[in-house]
Every structure is written in C-alpha cells, then in structure tokens.
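Reader: I work at the bench and want a close look at one part of this model. Pick a helix and tell me how it packs. Then add whatever else stands out.

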Amino acid sequence: MSNDNPQAGMNRPLPKKEADLFKSLVKHYELKLYKKGIKAADTILRKFPNHGETLAMKGLTLNCTGKRDDAYDFVKRGLRNDMRSHVCWHVFGLLHRSDRNYNEAIKAYKQALR
C-alpha cells in the first residue's frame, strides 16, 4: 500500500479528502453521533494508521460509548504518534476530566497550550 503522505500526523496535514473526514469526525462527536464518528475515524485510519489526532478523536468518541479502556489506549497511541499536537493533548484532558481526574486534566490542558 502506498501512502502519499506517510508522515501525516507528524506536523504534516492530511490530504483534503481525509481532512474533510476529520472535520466530519469532530462534527459527529459534537452532535453525539458516535457511531458515525467512529466510522469516519476508521476510514482515515485505514489510510493513515498513525495519524495522532484521528487516533485521539476516536478514543474520545469511544469514551462516550462507554469503552473507557479502549478510549485511553487510542488517545495514548495518538499522543505517542503526535506529541506536539494540541488536539491530542486537549482530548487527553477531556478524557481525564470525564473521569473526574482534574489534576491530570489540568496538566494535559496546559500541555495543549504550549
């Protein structure tokens, strides 16, 4: 399988098609259409399996469906693949906040602001 952009997620933008899918993933999350969001994330991850922001958003969406352990796995993988992404850190903070782990959430939010 040839990737046009094998480093997508490491300070390189996704191609337009996948970038639009990522925007729809965020919109689905905001509208609480979690199944559609997961489907959009899976579509992006098929082509760019290491895209950190998509992994993190899929984790956040999974958290809303009650799959907390899977959610943390995806968000941590997303952070590993894109440590400088403010989106990944913000999602990590949201995940901690949902668990009422406010000190860790604050650390993640501060990291997102760097």
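Author: What follows is a close look at helix α3 and its packing, then the core and a few single residues.

This is a predicted model, so local features need pLDDT of at least 70 and side-chain atom pairs count only at pLDDT 80 or more, while totals for chains, interfaces and linings use all residues. Residues are numbered from 1 along each chain as its sequence is written, and side-chain values use heavy atoms, with hydrogens and water left out.

Some ground rules come before the packing. Helices (H or I, at least four residues) and strands (E, at least two) are DSSP runs, numbered from the N terminus. Two packed helices are described by the angle between their axes and the distance between the axes. An axis here is a line fitted to C-alpha atoms, for helices over the stretch in contact, and angles run from 0 to 180 degrees between N-to-C directions.

Take α4 as the opening partner. Helix α3 covers residues 52-64 and helix α4 covers residues 68-81. Their axes come within 7 Å and cross at roughly 165°. That makes α3 roughly antiparallel to α4. The cut-offs are these: angles under 35 degrees are roughly parallel, over 145 roughly antiparallel, 65 to 115 roughly perpendicular, and the rest oblique. The crossing of α3 over α4 is left-handed. Left-handed means that the near helix is turned anticlockwise from the far one by less than a right angle; clockwise would be right-handed.

Now the residues. From α3 come Gly52, Leu55, Ala56, Lys58, Gly59, Leu60, Leu62 and Asn63. They meet Arg68, Asp70, Ala71, Phe74, Val75, Arg77, Gly78 and Asn81 of α4. Contact means heavy atoms within 4.5 Å. By class, the α3 and α4 contact holds seven nonpolar, five polar and four charged residues. Ala, Val, Leu, Ile, Met, Phe, Trp, Tyr, Cys and Pro count as nonpolar, Asp, Glu, Lys and Arg as charged, and the others, Gly among them, as polar.

Arginine 77 of α4 deserves a stop. Its C-alpha atom and that of glycine 52 are separated by 7.0 Å, though the two are 25 residues apart along the chain. Leaving aside neighbours within four places in sequence, arginine 77 is in contact with Pro49 and Leu55. Arginine 77 is partly exposed, at 34% relative accessibility. Buried means under 20% relative accessible area, exposed means over 50%, and partly exposed lies in between (1.4 Å probe, protein chains only).

Next comes α5. Helices α3 and α5 pack at about 15°, with axes 9 Å apart. They are therefore roughly parallel. This crossing is left-handed. On the α3 side are Gly52, Glu53, Ala56, Met57, Gly59, Leu60 and Asn63. They meet Val87, Cys88, Val91, Leu94, Leu95 and Ser98 of α5. The classes are eight nonpolar, four polar and one charged.

Then α1. It packs with α3 at about 20°, and the axes are 11 Å apart. So α1 and α3 are roughly parallel to each other. The crossing is left-handed. Phe22, Leu25, Val26 and Tyr29 of α1 make the contact with Glu53, Thr54, Met57, Leu60, Thr61 and Cys64 of α3. Seven of these residues are nonpolar, two polar and one charged.

Now the core. In soluble globular proteins, nonpolar side chains tend to be buried together. The largest nonpolar core here has 28 residues, and Phe22, Val91 and Phe92 have the most contacts inside it. Such a core is a set of buried Ala, Val, Leu, Ile, Met, Phe, Trp, Tyr and Cys residues joined through side-chain atoms within 4.5 Å. Helices α1 (16-30), α2 (34-47), α3, α4, α5 (86-98) and α6 (102-112) each give two or more residues to this core. The most come from α5, with seven.

Phenylalanine 92 touches Tyr72, Val75, Lys76, Leu79 and Ala108, not counting residues up to four places away in sequence. Histidine 96 sits in α5. It is buried, at 8% relative accessible area. Histidine 96 is in contact with Tyr72, Asn101, Glu104 and Ala105, neighbours within four places left aside.

Last, two loop residues. Most residues other than glycine have a negative phi. Lysine 32, in the loop between α1 and α2, has a positive phi of about 60°. Lysine 32 is exposed, at 60%. Arginine 100, in the loop between α5 and α6, also has a positive phi of about 60°. Arginine 100 is exposed, at 66%.
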